[in-house]
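Welcome! Please take a moment to look over the sequence and the structure shown here, and then read on for a short guided tour.

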Amino acid sequence: HEDELMLELIDLCDRCDDARTEQLEIEGEIAEAYAMTSPGQHAGSTPGSARCISEAVRVRVDQITSRLTTNLTSVKPIIKCDPISGGPFDDAEMARLARDAESFINDYAWWDADLRHILPVAIHRAVKLGTAVLWVTWKNERVVRRFFTAKGGQPERREETIGRVNVELVDNHQVILWPPTLTNWQRGYQVAGRNTWHSRSAWRRMAVDWKLDEETIAAIEANPGETDERAQEAAERQGVDPSQLQDQKLLYPQVKLTELWCCMCLPGAMETTKFQVILHRPTQKLLWIAENEHFSQEHPLFPIRYLWSDTSAWGQGVGHETLEGWGADTALWNLSLDNIRSGAFNVVIRKAGAVYGTLSAPVRPGMEVVSEDPGNDFISRKLGGEAQELPLTRSENDRRIDRVSGLPSVSQGMGDPTMKSGAGTGSTRALIEQASMKIRMVDQ
């Protein structure tokens, strides 16, 4: 029944991709807004208006992220271990053992599992996009170490296999989860997993481990799968040349695999089984299958959600709440800029005549012009107007963004220029860049 199982799993993966299309498009818009690289025209009629984009999303995401990161990472210990009060093992020896275990687990999680780097980035992604997904597995690594023996001389070479908890932050667009309405990802799921891209050498090593035949290997290498387009878009936002990721002359195309953890009935079975599979969806091949290897029988996907929803497995973040206000603020910025640029200059209306027709140069301060009737020969008209509704509308829109994004009043107007709270310099740099850009455009 291998082919039947493979087709069913591929169908579930395709359904998951279709169900998340709109969600991923919105996340892409939020990422563009945060990176301030959103393309297109934004309600501006002057050249360069598309480059003049509001920094509303970046500022609010950075402010809330900095405060959440400070609050969460300052909690010590981050993992608590206490004996059950009143239990049969509630004595001094067990209390000492619990303290030792707590100290070890906290040091291990912070340093060996690398939460000191992963947790701040996960908080930032959850605040911006609503959901950050952690992939937690056990990983064995082979290391080479050299020891000096008691005899002296050259150090002795030893190979060791070391196991550790491996925590990875998975891009949201790579995650596969069905059904997409789960609140608890560990219960009620049918498939949970991710898409991964592997270099040709890494793929060859895995093929040997799975004991694949040469025909299967050749078929997969002939059709490795589509490239990760969203990863390329993210690279472009970060200023990385996408051609370096697509150069087929230097690097072979990466092989796309789908790793799934399933909880479903196998074809022909009557009971639910938890198992793991590796699929290659472009060639519709099931490469590897085994029982769930975890003692807990759980899959390795664990979400962190900023704002929970009762109808979706995915949360919403500050980016979702601020996106509409960001669009309005961008439009108002450009309209204000157009008004300033048009009002910074006057047009001169000259009376028709032989003398005035000879004035080919524009009228400038200090210019001497011979005229019989100065009051009527030259009339100045100022373009644009005060447009008092623009600053009022921008202020109201700014207050609305603060309201819907939950930014407390004590935080409004209180940036973090010294970054003592742990925030990145993104929002401050964005403010400086946009201010310089807007000033240059007014000068032009």
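## A first look at the chain

The chain's secondary structure comes to 14 helices and 10 strands. Please keep in mind that this is a predicted model. The chain has 444 residues, and buried residues make up 38% of them. About 26,100 Å² of the chain is exposed, with carbon and sulfur atoms supplying 54% of that area. Among the contacts with a separation of 6 or more, 70% are between residues 24 or more positions apart.

## Two helices side by side

Let us turn to two of the helices, α2 and α4. The table sets out their spans.

| Helix | Residues | Number of residues | Expected span | Span between end C-alpha atoms |
|---|---|---|---|---|
| α2 | 21-35 | 15 residues | 21 Å | 21 Å |
| α4 | 92-112 | 21 residues | 30 Å | 29 Å |

For α2, the reach from first C-alpha to last is close to the value expected at 1.5 Å a residue. The span of α4 agrees with its expected value as well.

Which residues of α2 are buried? They are Q23, L24, E27, I30, A31, E32, A33, Y34 and A35. Just after α2 comes M36, which takes a positive phi of about 55°.

In α4, the buried residues are A98, E102, N106, Y108, A109 and W110. These buried residues pack against the helices α3 and α5 (115-129), and also against the strands β1 (131-147) and β2 (156-170). After α4 comes D114, where phi is positive and near 65°.

## Where α2 meets α3

Two packed helices are described by the angle between their axes and the distance between the axes. Helix α3 covers residues 56-73, and it packs with α2 at an angle of about 90°, the axes being 7 Å apart. Angles of 65 to 115 degrees count as roughly perpendicular, and α2 and α3 are therefore roughly perpendicular to each other. By class, the contact of α2 with α3 has 6 nonpolar and 2 charged residues, and no polar ones. On the α2 side the residues are I30, A33, Y34 and A35, and they meet V57, R58, V61 and D62 in α3.

## A closer look at T65

T65 also has its place in helix α3. Is T65 buried or exposed? Its relative accessibility is 7%, so T65 counts as buried, the cut-off for buried being under 20%. Leaving aside neighbours within four places in sequence, T65 is in contact with I123, H124 and V127.

Key:
Residues numbered from 1 in each chain as written. Predicted model: local features only at pLDDT ≥ 70, side-chain atom pairs only at ≥ 80, totals over all residues. Heavy atoms only, no water. Helix = DSSP H or I, 4+ residues; strand = E, 2+ residues; numbered from the N terminus. Expected span 1.5 Å × (residues − 1). Buried < 20%, exposed > 50% of the residue type's maximum accessible area, 1.4 Å probe, protein only. Contact = heavy atoms within 4.5 Å. Areas by Shrake-Rupley, 256 points an atom, 1.4 Å probe, with all protein chains shown as cover. Axes fitted to C-alpha atoms, helices over the stretch in contact; angles between N-to-C directions. Parallel < 35°, antiparallel > 145°, perpendicular 65-115°, else oblique. Nonpolar A, V, L, I, M, F, W, Y, C, P; charged D, E, K, R; others polar.
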